[in-house]
Amino acid sequence: MSVQLTGVAVRCVLRVCSRRSPWQQRSFLVTTSVKHKPFPSEHIISTKQSHTCPDRSSVRFYSRGGIHNEDLEEKTRLPSPVGESPLTDEIQPDETGSEQTPRRPPPPFHDHLQRCRSPSDVLDLTTRYSPTLGQVSNCMTRMWSTAKKMSDEQQRYELQLMLEHPAFDKFLQQAMKRVGDMRNEDAAYCLLSMVQLGVPQGSRVVQTFLRSCQENLNDFDEKGLSILASCLEHMEGSTNVAALKEGLRLVVRAQLPMIKNVHALQTCMRLLGKDAPLDLKRKLEVKALSMTDQFSLPNTQYMISTMATMGFYSKPLLDICSRTIKENLHGIPFNRLFTVLQSCRNLHYRNFDLLTGISEYVASTMDIWTKKQVVLFLSVMENLAFCPDAIMEAFAKNVSANPDNLTLKDLLCILKVYSYLNYDLKHQRQQFLESLSQALGSYLPKMSAFELLKVVYHLCLLGHFPSAPLEQLLQSSTLEKFHATVPRFLSNQERMFQTVNFCLRLEPTLLRQPATVPPSLLGTPNPSGQTVNPWLLQGLRSVLEDQADTMLHEMVVVEDFYLIDAVITKPLPQQTSETEAGRSAGEECPPAESSQRIAVISPPHSAFCYGTSNPRGPLAVKIRHLKILGYEPVLVTEEELQSEEDRTVFLRGRIFPEHLSSHTQPKMEPQGS
């Protein structure tokens, strides 16, 4: 009953949309004024422009591969990718009329079609043999399958030749007239091939196929729906496209229980997209989970990117796919693996085992990856706040050995990744940083002011202060350029300048004379605007209420830059007795010498590398500066404060470790999400 109701609903939607369709008001034959060479009177592949005009600048394509005409060569036709067209010798009729050699019957049409190596070869074939109804779809598909294997330049040229081929317009005319008699699957394949070949989507032939698919939508099986959904995914918005998408959503909802093919399900999921209602997304999730035993390795990769396309987070489904991918990493090429990581980032999904497995796999096979690929891996993992230790260590050795092979874009990315993830390179650190500084030297004159600021900022996070980029940044001519910064980038610029300025004040540099950033570029730091965890303050008060000679200061701002949740001042353990004796004698000791200042900080999850307690760059530099200023930083995570019963015991152990035995002292748990 529900299927019947859905069928009625689909027909209503299509009827309403078709009444609004501007295509139906057009006559069957569309004529256009052509500047140089006229088309046949029944011109069907363009509604507004000529695609046969020799003026190449007037040609525009709309195919998935981004076909454009700017780089097309002039009239001389390039040879087919495998040499001359095989049609010449095998299909050309015998002109000799020899009676001694009996004429052999020509091979079947399918064999001729498989020998075609370009769209023009296929069109040549259609001039010699009239394709049957089913062969029209095969011809369309073959035209695209040959074109997509070509290089970009060759593909642009061959598709231009296809559009100018004298048989192309006639072939589309035949297809348009016979679309009503085609099988649904053939019609869907034809539409998909035309869109990919760059036939204008506003042309009559494409719109005719769209209307035919609309009229027969209820009769499509899951394979036909999958092909149609894949086609619509790459089509521009129009009345007929919108109507077909809406009808397809209704049909998918009705036929969901009957879908048995994983690829068909995924294609329909992508078509439904982010606009699908939540209840339908839940039904799709249940359906996908019921089919996990059918998932191949490509299915798992495609499922993750499909969920990213839908904007739908399903942890059970993502965990299943991640497990399969981790177990088969050696069979996944770069593009697919990188797409999986990008999709995980878009979904805010992180799987520690998967990320660790990818890191170890890439590090163990470092020789098979290009530097660009490794840099992309590092970049997307930094976006996931995950520190791939294995890649970081292996790639640092490569950079130290060959720093001159890095582009400016590579260097900017490497600096960002290594500074934000705060990876400890140990004995490699100095050589790695010097190699980066050496490579940066040749790019300094070419850098924009903002790129220079980012370089210096990331070097400051790493605690490395080469003089050349610092001096160039602090030149008055460079600093003047920052006064014209667009307002939406201003806060980020001020934050970087504040960090650079604070590093110059506190840490030794190689500059010839002390330097600071002009106050006009620092903005107004507002550390007091940050919030403090109330559980932390409550726990600290409970810990210190019975502690003599101990003071608690809440929300302390240091140097007008850093906010500390709480500062605890207590006597040094070895000086407690001496301090008490001095007080009885009326003497006072300087606070910095007679007391210990503990800076208690409760950072958010995002301040740590995923799955670890390792602080990321901004938190790491804050800890480094607080130590320089005489504080002893103590990090307390949100998880460690959640239990009210254990909170006080935990904080007492962190602040007064001398009161607890070594085997009872709590340890900081790794961070995760």
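## A walk through a predicted structure

Let us start with a hairpin: strands E1 and E2 form one, with three residues between them. In its turn sits Glu559, which has a positive phi of about 55°. Please keep in mind along the way that this is a predicted model.

The two arms of the hairpin are a good place to follow a pairing residue by residue. E1 and strand E2 (residues 562–571) run antiparallel and are joined by seven bridges. Glu554, for instance, has Ala566 in E2 as its bridge partner. Val556, in turn, stands opposite Ile564 in E2. As you look along such strands, it helps to know that in a regular strand the side chains alternate between the two faces of the sheet.

Now step back to see where the hairpin belongs. It is part of an open sheet of four strands, in the order E1-E2-E3-E4, with mixed pairing. Strand E1 (551–558) and strand E4 (631–635) are the edge strands, each pairing on one side only. On average, and ignoring direction, neighbouring strands of this sheet are turned by 35° against each other. A helix joins the picture here: helix H29 (residues 617–628) packs on the sheet and touches E1, E2, strand E3 (595–601) and E4. The direction of H29 makes about 150° with that of E4.

From the sheet we turn to helices that pack against each other. Two packed helices are described by the angle between their axes and the distance between the axes. Take helix H5 (residues 133–147) and helix H8 (residues 184–197): they pack at an angle of about 30°, with their axes 9 Å apart. H5 and H8 are therefore roughly parallel to each other, since angles under 35 degrees count that way. H5 passes H8 in a left-handed crossing. Where they meet, H5 contributes Gly134, Val136, Ser137, Met140, Thr141, Met143, Trp144 and Ala147, while H8 brings Asp186, Tyr189, Cys190, Ser193, Met194, Gln196 and Leu197. Sorted by class, this contact of H5 with H8 has nine nonpolar, five polar and one charged residues.

A second pair gives another arrangement to look at. Helix H12 (residues 262–272) and H13 pack at an angle of about 165°, with their axes 11 Å apart. That makes H12 roughly antiparallel to H13, because angles over 145 degrees fall in that class. The crossing of H12 and H13 is left-handed. On the H12 side the contact is made by Leu265, Met269 and Leu272, and on the H13 side by Leu280, Leu284, Lys287 and Ala288. By class, there are six nonpolar, no polar and one charged residues in the contact of H12 with H13.

Let us stay with H13 and pick out a single residue. Glu285 is found in this helix, which spans residues 278–290. With a relative accessible area of 11%, Glu285 is buried, because buried means under 20%. What does Glu285 touch, leaving aside residues up to four places away in sequence? Its contacts are Phe312, Ser314 and Pro316. Glu285 and Phe312 are 27 residues apart in sequence, and their C-alpha atoms are 9.2 Å apart in space.

Our last stop is Ser343, which is found in helix H16 (residues 334–347). Ser343 counts as buried too, at 5% relative accessibility. Again not counting residues up to four places away in sequence, Ser343 touches Ile304, Ser305 and Ala308.

Methods. Residues numbered from 1 in each chain as written. Predicted model: local features only at pLDDT ≥ 70, side-chain atom pairs only at ≥ 80, totals over all residues. Heavy atoms only, no water. Axes fitted to C-alpha atoms, helices over the stretch in contact; angles between N-to-C directions. Helix = DSSP H or I, 4+ residues; strand = E, 2+ residues; numbered from the N terminus. Parallel < 35°, antiparallel > 145°, perpendicular 65-115°, else oblique. Left-handed = near helix turned anticlockwise from the far one by under 90°. Contact = heavy atoms within 4.5 Å. Nonpolar A, V, L, I, M, F, W, Y, C, P; charged D, E, K, R; others polar. Pairing = 2+ DSSP bridges. Buried < 20%, exposed > 50% of the residue type's maximum accessible area, 1.4 Å probe, protein only.
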